[in-house]
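Trainee: Could you walk me through this one? I'd like to learn how to read it.

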Amino acid sequence: MSLTALKIENLSKSYGKRLAVKELSLEISPGEIFALLGPNGAGKSTTINMITGAIRIGSGRIEVFGHSIRKDYLLTRRLIGVMHQEIVIDTFFTINRAIKIHSGYYGVPDDPAWRNTLLERLGLVPHLDKPMNKLSGGLKRRFMIAKALIHKPRLLILDEPTAGVDVELRHSLWEFVREINAKGTTVLLTTHYLEEAEQLCERIAIMDNGSLVALENKEKLLDRLAGRKMTLTLDTPPTFSGDIFSSLNISTQVEGNKIIFCLKDGILPGNILQILQQNNIQVLDIETEKPALEDVFLTLTGKKPLTRKNNNCL
Ligand code: ADP
């Protein structure tokens, strides 16, 4: 088996004078769910479109399971399933007809058992005879996932899969993606909903202005850039000076009998507790909060992502 599901080497693409993707290199292993994040205009769709062959590679190289997408286009096209951001449907076909003929586009024979599994699992069975133009937005999205998977691709690309999707459907789509992944399909996800990347992915790449600005394991990315917040509860409001922590060069904030620390640059809770112990200060409770990916994103790109609460201390 190939060691990489997707290998991108020095990939660039310009539109006129605008360099949309600049010397991008990354590798995704078989079985991963990998997130490609970035603000609007970062170059994510241009990258995806080069992988799927929808647009020509400017320069560089892309391999899917060891096959060049330039030299082995027909094969790599079959190995990839893509769900695009925009809703693309065959307006007058019913779901049943559209899904039946779709695997033929890849030269793959229709497999009724697999087709039925997808339709059932995605809740499409009660809607089989409805024409596409009569489907709700949520049903269209579910159909598009079924369509992306009908030819049993080994690499599933989801380009902003839950944009404009309600919470319930979003969660059921995530569950389905996990299920497909557990059965062996590698997943590349682009999103600017950071919650999606946090929930689904182990490794995350962040693009900005066409370039890769981070590529790391999720936890490492969070630890490296965002810092954890630690709150200590003392038996009485602190009477000592913050100078006792000067050796750690750490910022502190006092709220009643609580002290809040921002754990950055390799400072561990133990370093702080040791200082408190040396100064005979009694600690009643310790609470640490995980940083949010949105702060990492903001630090790296300077742009606010579409997301939820802020719970760390950048
Ligand atoms: P993202 O998917 O991260 O939002 P895109 O890949 O769509 O980013 O866009 C990257 C850059 O390339 C943007 O500056 C965008 O305006 C430009 N761009 C994308 N597609 C085209 C196109 N067909 N023609 C001209 N410029 C484009």
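**Around the ligand**

Mentor: Let's start here: a backbone N or O atom of Ala42 lies 3.1 Å from an oxygen atom of the ligand, which fits a polar contact (a pair of N or O atoms within 3.5 Å). Bear in mind that this is a predicted model, where local features need pLDDT of at least 70, side-chain atom pairs count only at pLDDT 80 or more, and totals for chains, interfaces and linings use all residues. Residues are numbered from 1 along each chain as its sequence is written, and side-chain values use heavy atoms, leaving out hydrogens and water.

Trainee: What distance separates a backbone N or O atom of Gly41 from an oxygen atom of the ligand?

Mentor: Ala42 has its backbone atom at 3.1 Å from a ligand oxygen, and a polar backbone atom of Ser45 sits 2.8 Å from one. For Gly41, the distance is 2.7 Å.

Trainee: Which element gives the largest share of the shell around the ligand?

Mentor: Helices are DSSP runs of H or I with at least four residues, strands are E runs of at least two, and both are numbered from the N terminus. Strand S2 (18-28) and helix H1 (44-52) each supply at least two shell residues. The largest share, three residues, comes from H1.

**Inside the protein**

Trainee: Which helices do the buried residues of H3 pack against?

Mentor: Buried means under 20% relative accessible area (1.4 Å probe, protein chains only). In H3 (residues 95-102), the buried ones are Ile95, Asn96, Ala98, Ile99 and His102. They pack against H4 (112-121) and H5 (137-149).

Key: Buried means under 20% relative accessible area, exposed over 50%, partly exposed in between (1.4 Å probe, protein chains only). Contact means heavy atoms within 4.5 Å. A polar contact is a pair of N or O atoms within 3.5 Å; within protein, one must be able to donate a hydrogen and the other to accept it, and residues adjacent in sequence count only if both atoms are side-chain atoms.
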